[in-house]
Amino acid sequence: MKVILVVPTRNESENIKNFSNALRVLKNIPFVVCFVDGSENNKTTDEIKKNFKKNFKIIKEKKRYNSQSSRCSASRLGFKWAVKQKKCQIIVDIDCDLANDPSEIKHAIELIKKYDYDIVLTSKYLKGSVIIGRTLFRRFLSKFYTVTCKIFISSKVTDYSNSYRFYKKQGLKDMLSIPMKYTSPIQHLENLKFFINNKYKIAEIKTRYIERKKGNSAIKFNHLFIYLFDFIRSVLSK
């Protein structure tokens, strides 16, 4: 079962080597890494070529929609490439900063193979999950986000805020048929709503989350009001 890891990058040269080393846990799984790079220079792509000798693809993100653009648009570019690959069966959306644990990919693959799930989510709120180094403010935002979504969308999902997800190819292909609605991180929510509203099979697994130490965070404080506006629009829409 071939797996494609879609990895959005933006000025992530300091994280590439550690990310490459961390993927050794997948040595018995055939996988390809699709980097979608929106960096202003070639430092990140140079590091990718230095640390990945085979089984990788680099897509240059030619246009950033605006200063509030999130990694969602980059992920979507990678998704579009991944679903066209004939032998690909599972697509993983993951960052290269190791905030999320690549070893969890194995468990997600097993669940998809055994129970035919369309999407597997990682949840910071399941028993056994570990959160390290996250500020109280970001914890509050994540909890507020998820509780609101559970009220307005579905109580069956325990964590709406984590973008580390595992997609079966056909479900992701179906999702891509719907135009992208937001350029903010709220597009992650729209993606998940597609699977919830259309009754796809969804599972969640516990996760280990470590707050990033290097690279560029996708969330800027001065963008929060824009994200809040998009969030309200999303949770109140069908």
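# Close-up views of a predicted model

**View 1. Helix H3 is largely enclosed.** Of the 11 residues of helix H3 (residues 72-82), 8 are buried, so the helix is largely enclosed by the rest of the structure. The buried residues of H3 are Cys72, Ser73, Ala74, Ser75, Arg76, Gly78, Phe79 and Ala82. As you look at this helix, please keep in mind that the model is predicted. Phe79 appears again in the view of the core, where it is listed with the residues that have the most contacts inside the largest nonpolar core.

**View 2. The whole chain, for orientation.** Here we step back for a moment before the next close-up. The chain has 8 helices and 9 strands, and its C-alpha trace spans about 45 × 45 × 35 Å along the principal axes. How does the radius of gyration of the chain compare with that of a compact globule? For 238 residues a compact globule would have a radius of gyration near 18 Å, and the 17 Å of the chain agrees with this. Buried residues account for 50% of the 238 residues. Taking contacts between residues at least 6 apart in sequence, 78% join residues at least 24 apart. The accessible surface comes to about 12400 Å², and carbon and sulfur atoms hold 54% of that. For those who like electrostatics, there are 48 positive and 21 negative charges, and their mean positions are 3 Å apart.

**View 3. The largest nonpolar core has 32 residues.** Those with the most contacts inside this core are Phe79, Ile91, Tyr160, Leu172 and Leu189. Which helix gives the most to this core? That is helix H7 (residues 186-197), with 6 residues. In soluble globular proteins, nonpolar side chains tend to be buried together. Leu189 is a good residue to centre on: leaving aside neighbours within four places in sequence, Leu189 is in contact with Tyr145, Cys149, Ile153, Tyr160, Phe231, Ser234 and Val235. Another core, of 27 residues, lies apart from the largest one, and among its residues are Leu26, Val120, Tyr164 and Ala203.

**View 4. Ser234 is a buried residue of helix H8.** Helix H8 covers residues 224-236 and includes Ser234. Is Ser234 buried or exposed? With a relative accessible area of 0%, Ser234 is buried. Outside the four places on either side in sequence, the contacts of Ser234 are with Tyr182, Ile186, Leu189, Glu190 and Lys193. The contact between Leu189 and Ser234 links this view with the previous one.

**View 5. Thr122 sits in strand S5, and Gly128 in the loop that follows.** Strand S5 spans residues 119-123 and holds Thr122. The relative accessible area of Thr122 is 0%, so Thr122 counts as buried. Not counting residues up to four places away in sequence, Thr122 touches Glu104, Asp159, Asn162, Tyr164, Phe166, Ile205 and Thr207. Tyr164, one of these partners, also belongs to the core of 27 residues. Thr122 and Ser39 are 83 residues apart along the chain, with 27 Å between their C-alpha atoms. Gly128 lies in the loop between S5 and strand S6 (130-132). At 48% relative accessible area, Gly128 is partly exposed. Gly128 and Lys206 are 78 residues apart in sequence, yet their C-alpha atoms are 6.2 Å apart in space.

**View 6. Asp93 is a buried residue of strand S4.** Asp93 lies in strand S4 and counts as buried, at 2% relative accessibility. What does Asp93 touch, not counting residues up to four places away in sequence? The list is Val6, Pro8, Arg71, Ser75, Phe79, Ser163, Tyr164, Arg165, Tyr167 and His188. Two of these, Ser75 and Phe79, are buried residues of helix H3 from the opening view. The C-alpha atoms of Asp93 and Met175 are separated by 14 Å, for residues 82 apart along the chain.

**View 7. Asn11 and Leu98 have a positive phi.** Most residues other than glycine have a negative phi. Asn11 has a phi of about 55 degrees, and Leu98 has one of about 65 degrees. Where do these residues lie? Asn11 is in the loop between strand S1 (2-9) and helix H1 (16-22), while Leu98 is in the loop between strand S4 (88-93) and helix H4 (104-115). Asn11 is partly exposed, with a relative accessible area of 24%, and Leu98 is partly exposed at 27%.

Terms used: Residues are numbered from 1 along each chain as its sequence is written. This is a predicted model: local features need pLDDT of at least 70, side-chain atom pairs count only at pLDDT 80 or more; totals for chains, interfaces and linings use all residues. Side-chain values use heavy atoms; hydrogens and water are left out. Helices (H or I, at least four residues) and strands (E, at least two) are DSSP runs, numbered from the N terminus. The radius of gyration is taken over C-alpha atoms; the globule rule is 2.2 Å times the number of residues to the power 0.38. Buried means under 20% relative accessible area, exposed over 50%, partly exposed in between (1.4 Å probe, protein chains only). Contact means heavy atoms within 4.5 Å. Accessible areas come from the Shrake-Rupley method with a 1.4 Å probe; for residues, only the protein chains shown count as cover. Lys and Arg count as positive and Asp and Glu as negative; His and the chain ends are not counted. The place of a charge is taken as NZ of Lys, CZ of Arg, CG of Asp or CD of Glu. A nonpolar core is a set of buried Ala, Val, Leu, Ile, Met, Phe, Trp, Tyr and Cys residues joined through side-chain atoms within 4.5 Å.
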